[in-house]
Amino acid sequence: MIMDMMAAEIFENIEIAKDVKSFNEHNPVMTQRFGADPYALVYDGRVYLYMTGDAPTYNKNGEIEENTYGNINTINVISSDDLVNWTDHGTIYAAGDKGAAKWGANSWAPAAAYKNIDGKDKFFLYFANNGNGIAVLTADSPVGPFTDPLDAPLISRNTPTCAEVTWLFDPAVLMDDDGNSYIYFGGGVPSPDKAANPGTARVAKLSDDMISLDGDPKVIADVDYLFEDSGINRVGDSYYYSYCSNFSMTPEAEKELGFSEGEIVTMVSKDPMGPFEMYKPVLKNPGYFFGLGGNNHHCMFEFKGQWYIAYHTRILEEAMGITSGYRSTSIDQLNLDENGGPCKSEATRQGVKQVKPLNPYNEVMAVTMANSSGVTTRQNGPDAVRYGSGEMILTGIQDGSWTCVEGAQFEYGKPLGLEVNVRGRGNGAIKVSLDSVDGETIAYIPVKAPGRDFTTIEVPVECEFSGKHDVYFTFMGDNYELLSWRFLK
């Protein structure tokens with residue numbers, strides 16, 4: 001009780017870290033890092049999001065420079081089983097000296113797939129080496145470690161039909177119902193006079209091993225005002241190819257075609273390799289919804305019977321006081337028309353609803369968050385440190401920093417206690433509250449130099465409560481890190 005009284009007094013005088021998204025908003029899905037060009041892989045009841053690792057660069061005066069994409073050689077990965085609480089799995093070292101594909105300079109616009117090969121699920125991560133080729137990495141887990149089976153591009157300018165592709169990038173992968181798989185890629189406008197029909201989209205069948213092509217890539221013909229951002233989905237017996245339109249559209253072209261520049265547009269076919277014909281626009285440029293525009297990149301996916309669209313915006317950098325082209329991922333519901341095809345949808349800050357409650361009696365990784373401020377994450381264990389992705393821990397803790405999860409279901413009434421796994425040489429305390437940073441406090445957790453190894457600290461829960469609640473963890477002190485937590489029933 002004395003500790004509780006002292007902690008309560010200390011926390012009253014702590015300045016809470018400013019939120020970069022409102023407490024009732026789900027977009028962007030991650031705030032501890034930037035992440036662009038999202039691609040969703042649904043596996044074993046979870047959605048894994050792979051994102052281009054936008055990372056700010058600074059000039060000699062310490063000022064943030066405009067994002068040129070030239071320094072990007074990592075891919076961020078997070079996952080969720082409820083689309084609200086996202087677990088951070090780290091930053092895949094994809095290209096460059098530290099990356100799996102050391103022959104490549106960059107890792108842009110990832111696409112992911114999995115396939116059962118010889119009785120075991122194998123995972124494949126495709127990405128662009130800037131605008132000059134497509135790489136593929138493999139792993140035995142959706143979070144890695146990923147390695148390069150080819151030590152060379154899967155698709156390069158030496159690949160038939162690809163030398164003339166302006167931007168040889170932005171892959172998307174279709175795993176068809178009959179066991180066949182296909183990769184879609186390409187983009188760019190060869191010259192101003194070809195803006196209306198650039199001819200730079202390609203599709204190729206993948207071999208059974210998923211790391212080679214089964215035949216030469218084919219041109220996806222007559223893609224009106226193609227810019228970039230391949231997408232592919234099968235709905236029923238129809239295949240929907242999607243892309244971002246370019247920025248050379250005239251007002252007359254916009255009126256005739258029914259979409260605008262920088263918009264996500266779909267085409268449809270009964271064959272995965274086409275020919276495709278124009279279908280409908282899906283999502284306008286982020287600037288239409290949020291003011292700050294830029295390139296538009298998307299992925300459409302189905303999860304638990306509902307369709308969603310992931311895309312990136314600049315709302316996180318704006319909230320941080322940055323306007324230098326650093327992007328973050330959001331998710332909203334994808335609307336379908338009477339044919340079951342994708343149609344006009346909206347980008348929002350609110351985002352999607354939680355699809356299932358969080359179980360607070362299971363171990364929850366501390367890097368599972370719906371929102372946070374003033375914290376960072378880092379790799380834990382030799383594999384994660386070497387390859388960049390895997391188990392992560394919550395770090396960067398300071399006075400007033402906080403994290404939260406949403407929709408925890410306390411179905412057994414008041415928990416008997418709360419366990420937290422902590423390590424470090426620092427001292428401090430953690431305040432646990434319900435429904436907001438300033439909500440009802442249900443526990444204080446003292447942290448007293450727990451040591452190099454993770455130590456379990458158990459505290460009682462004094463207050464009576466039950467039902468569904470958001471749970472907030474507010475921190476005091478520094479030099480300690482969190483692995484996980486769980487309530488005791």
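**Cores, pockets and cavities in a predicted model**

Leaving out neighbours up to four places away in sequence, Ile-331 is in contact (heavy atoms within 4.5 Å) with Asn-27, Val-29, Leu-49, Trp-86, Phe-301, Tyr-308, Ile-309, Ala-310, Tyr-311, Gly-351 and Val-352. The model behind this is predicted, so to speak of local features takes a pLDDT of at least 70 and side-chain atom pairs count only at pLDDT 80 or more, while totals for chains, interfaces and linings use all residues. Residues are numbered from 1 along each chain as its sequence is written, and side-chain values use heavy atoms, with hydrogens and water left out.

Ile-331 also turns up in the largest nonpolar core, which has 59 residues; the members that touch the most others are Leu-49, Tyr-126, Val-173, Ile-183, Tyr-184, Tyr-241 and Ile-331. A nonpolar core here is a set of buried Ala, Val, Leu, Ile, Met, Phe, Trp, Tyr and Cys residues joined through side-chain atoms within 4.5 Å. Buried means under 20% relative accessible area, exposed over 50%, and partly exposed in between, with a 1.4 Å probe and protein chains only. Apart from the largest core lies another, of 35 residues, including Met-369, Ala-408, Phe-410 and Ile-445. In soluble globular proteins, nonpolar side chains tend to be buried together.

Two of those well-connected core residues face each other in a sheet: Val-173 stands opposite Ile-183 in strand 9. Strands are DSSP runs of E with at least two residues, numbered from the N terminus, while helices are runs of H or I with at least four. Two strands pair if DSSP finds at least two bridges between them, and strand 8 (172-175) is joined to strand 9 (residues 181-186) by four bridges, the two running antiparallel. The open sheet they belong to has four strands in the order 8-9-10-11, with antiparallel pairing. Strand 8 and strand 11 (218-219) are at the edges with a single partner strand each, so one side of each has no neighbour in the sheet.

The loop between strand 10 (201-206) and strand 11 holds Ser-207. Ser-207 is buried, at a relative accessible area of 15%. Its C-alpha atom is 7.5 Å from that of Ser-181, though the two are 26 residues apart along the chain. Setting aside residues up to four places away in sequence, Ser-207 touches Ser-181, Ser-212, Leu-213 and Asp-214.

Elsewhere, strand 26 (residues 427-434) and strand 27 (residues 441-448) run antiparallel and are joined by seven bridges. Val-432 stands opposite Ala-443 in strand 27. The two strands make a hairpin with six residues between them, and Asp-435 in the turn has a positive phi of about 75°.

Next, the empty space. On a 1 Å grid over the protein atoms alone, a cavity is a set of points where a 1.4 Å probe fits but cannot get out; a pocket is an open set with protein on both sides within 12 Å along at least five of seven lines; lining residues have an atom within 4 Å of a point. Grid points are joined across faces, edges and corners, and a volume is the space filled by probe spheres set on the points.

The largest pocket holds about 610 Å³ of space. It has 24 lining residues, and Ala-40, Val-173, Leu-174, Met-175 and Asn-233 are the closest to its centre. Strand 1 (36-43), strand 5 (108-117), strand 8, strand 12 (226-235) and strand 16 (298-303) each give two or more residues to this lining. By class, the lining has 16 nonpolar, five polar and three charged residues; Ala, Val, Leu, Ile, Met, Phe, Trp, Tyr, Cys and Pro count as nonpolar, Asp, Glu, Lys and Arg as charged, and the others, Gly among them, as polar.

The second largest pocket comes in at about 380 Å³. Its lining has 22 residues, with Thr-31, Gln-32, Arg-33, Phe-34 and Met-320 nearest its centre. The class split is ten nonpolar, ten polar and two charged.

As for enclosed space, there are four cavities of 30 Å³ or more. The largest has about 70 Å³ of space, and its lining includes Val-29, Thr-31, Gln-32, Trp-86 and Met-369. The second largest cavity has about 60 Å³, and Met-369 is among its lining residues too. Strand 24 (402-410) gives the most to that second lining, with three residues. By class, that lining has nine nonpolar, two polar and no charged residues.
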